[in-house]
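Biologist: Please choose a single part of this model and take me through it closely, residue by residue. I would like one connected account, with the reasoning spelled out where a label depends on a cut-off.

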Amino acid sequence: MAMESDRTDIRRKVIDSCKRVVVKAGTRLLTDPKAIPELVTQIKKIRDSGRQVIFVSSGAVGTAMKSLGMKKRPKHLSEVQALAAMGQVKLMSMYEEECLKHGFRVAQLLLTADDLRSRERHLNAENCLEALLAQDVMPIVNENDPVSVDELKFGDNDILASLLGSMTRSDLTIILTTVDGLLRPNPDGSLGERISVVRGITPELLAMAAGTDDSSMSVGGMKSKLRAAENLNIAGECLWVACGKDAGVLSRIFRGEDVGTLFVPESAGQDGVSHKMEAKKRWIATFSKPCGKLIVDEGAVKALMKTGCSLLPSGLIAIDGVFHRGDVVEICSGTGQVIAKGQINFSAEDCRMLAGRQTSDISDILHADAEEEVIHRNNMVILPCRKQA
């Protein structure tokens with residue numbers, strides 16, 4: 001664990017380098033009538049400091065439930081979708097009213113996971129956000145719950161916030177929740193001290209995060225926040241999780257105070273800054289949906305992990321799935337670890353013919369001119385190794 005002076009220095013430098021921030025507030029915070037005015041007042045201070053703010057708002061379903069006097073979240077999808085449609089109208093009217101009081105305007109974006117997985121729609125969403133920010137309008141983003149089904153969902157708005165932070169190259173993403181941050185578990189199962197700064201997400205950390213799900217009103221928990229941190233850390237960005245019940249928590253964060261938990265990339269220096277991943281690789285790493293898997297030998301695993309080189313056909317052992325040139329696939333070790341994702345140069349059928357062969361044989365095997373690499377290093381992202389489920 002770093003000394004307190006080191007942690008303070010990292011927090012301060014992360015804030016000093018922050019020019020654009022994503023702020024996400026959870027459902028259980030936004031059902032309090034005082035929450036939105038307090039949040040907007042704090043956001044105004046961030047904007048006045050010259051920083052751009054993108055706001056991710058949960059709470060549409062919870063707002064509608066409160067308006068209707070409902071105590072328990074319904075189980076039928078159509079009922080939840082109807083509540084989301086009702087609540088979204090009320091939420092946005094509240095945001096617009098409060099923001100106009102502070103002299104700035106807002107715009108609404110409702111997204112599904114497919115909007116960010118599709119490269120074309122991803123770019124459209126990114127360009128829209130950039131245009132709004134250029135006009136000094138604050139985007140308010142939520143999942144498009146009235147039309148979302150399981151395969152189109154982000155999982156929860158913690159994940160959505162992290163994806164937006166990565167897509168917009170925001171220096172910091174802040175998730176406001178009902179807990180003080182990541183708490184270290186005690187041997188008896190109770191929660192102990194807060195962890196101030198975390199460098200990189202490990203399997204041990206993920207196992208440590210007990211769910212904080214309260215399904216009566218909302219979805220999500222600490223595990224989703226660690227997944228969000230992983231999405232951002234891979235891209236070279238930071239996540240700060242803090243308790244939104246503190247009316248001044250955003251102001252405290254931007255003073256660099258020791259509140260919540262700051263997640264910085266494992267590769268970050270003492271200034272909290274790490275290498276920023278380029279836009280295309282961000283899309284491959286955290287947005288794209290893999291169409292298949294390549295199983296590679298131990299030599300290829302070592303080469304990819306140590307040098308980040310291209311994947312050649314000689315390293316292929318087996319191919320799983322149906323995919324075509326340009327699709328994104330996972331690269332896995334023989335023990336089931338996903339070590340990388342990349343955009344492939346060949347179809348699954350071609351890969352099966354090329355597996356284990358030399359680069360010089362490719363044209364003769366396929367009877368056509370072709371690339372030398374199965375996946376070029378410029379179209380590949382090495383991921384934190386985690387054994388497949």
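Modeller: His367 is exposed, because its relative accessible area is 73% and the label applies to values over 50%. This is a predicted model, and the values that follow are computed from it. His367 is found in the loop that runs between helix H15 (362-366) and strand S15 (380-387). The backbone there deserves attention, since phi of His367 is near 55°, a positive value in a residue other than glycine.

A positive phi is also found at Arg169, where the angle is near 55° and the residue is, again, not glycine. Arg169 lies in the loop between H8 and strand S5 (172-177), and with a relative accessible area of 36% it is described as partly exposed, because that label covers the range between the 20% limit for buried residues and the 50% limit for exposed ones.

Arg169 leads on to the part that I would look at most closely, for it is one of the residues that line the largest cavity. The count comes to one cavity of 30 Å³ or more, and the volume of the largest cavity is about 40 Å³. Besides Arg169, its lining is made up of His122, Glu126, Ser166, Met167, Ala279 and Arg282. Three helices, namely H7 (119-134), H8 (157-167) and H12 (279-287), each supply at least two residues of this lining. In chemical character the lining divides into three charged, two polar and two nonpolar residues; Glu126, Arg169 and Arg282 are the charged ones, because Glu and Arg both fall in that class, while Met167 and Ala279 are nonpolar, because Met and Ala are counted there.

Aromatic rings give a further view of the model. A search of the whole structure finds one aromatic pair. The ring centres of Phe55 and Tyr95 are 5.4 Å apart and their planes stand at 80°, so the pair is edge-to-face, a label that requires planes over 60 degrees apart. This pair links distant parts of the chain, with Phe55 in strand S2 (residues 52-57) and Tyr95 in helix H5 (residues 77-101), 40 residues apart. Phe55 and Tyr95 are both buried. Another ring, that of Phe104, has the charged end of Arg47 sitting over it, 4.1 Å from the ring centre.

Technical notes. Residues are numbered from 1 along each chain as its sequence is written. This is a predicted model: local features need pLDDT of at least 70, side-chain atom pairs count only at pLDDT 80 or more; totals for chains, interfaces and linings use all residues. Side-chain values use heavy atoms; hydrogens and water are left out. On a 1 Å grid over the protein atoms alone, a cavity is a set of points where a 1.4 Å probe fits but cannot get out, and a pocket is an open set with protein on both sides within 12 Å along at least five of seven lines; lining residues have an atom within 4 Å of a point. Grid points are joined across faces, edges and corners, and a volume is the space filled by probe spheres set on the points. Helices (H or I, at least four residues) and strands (E, at least two) are DSSP runs, numbered from the N terminus. Buried means under 20% relative accessible area, exposed over 50%, partly exposed in between (1.4 Å probe, protein chains only). Rings of Phe, Tyr and Trp (its six-membered ring) pair if their centres lie within 6.5 Å; planes under 30 degrees apart count as stacked, over 60 as edge-to-face and the rest as tilted. A charge sits over a ring if NZ of Lys or CZ of Arg is within 6 Å of the ring centre and within 35 degrees of the ring normal.
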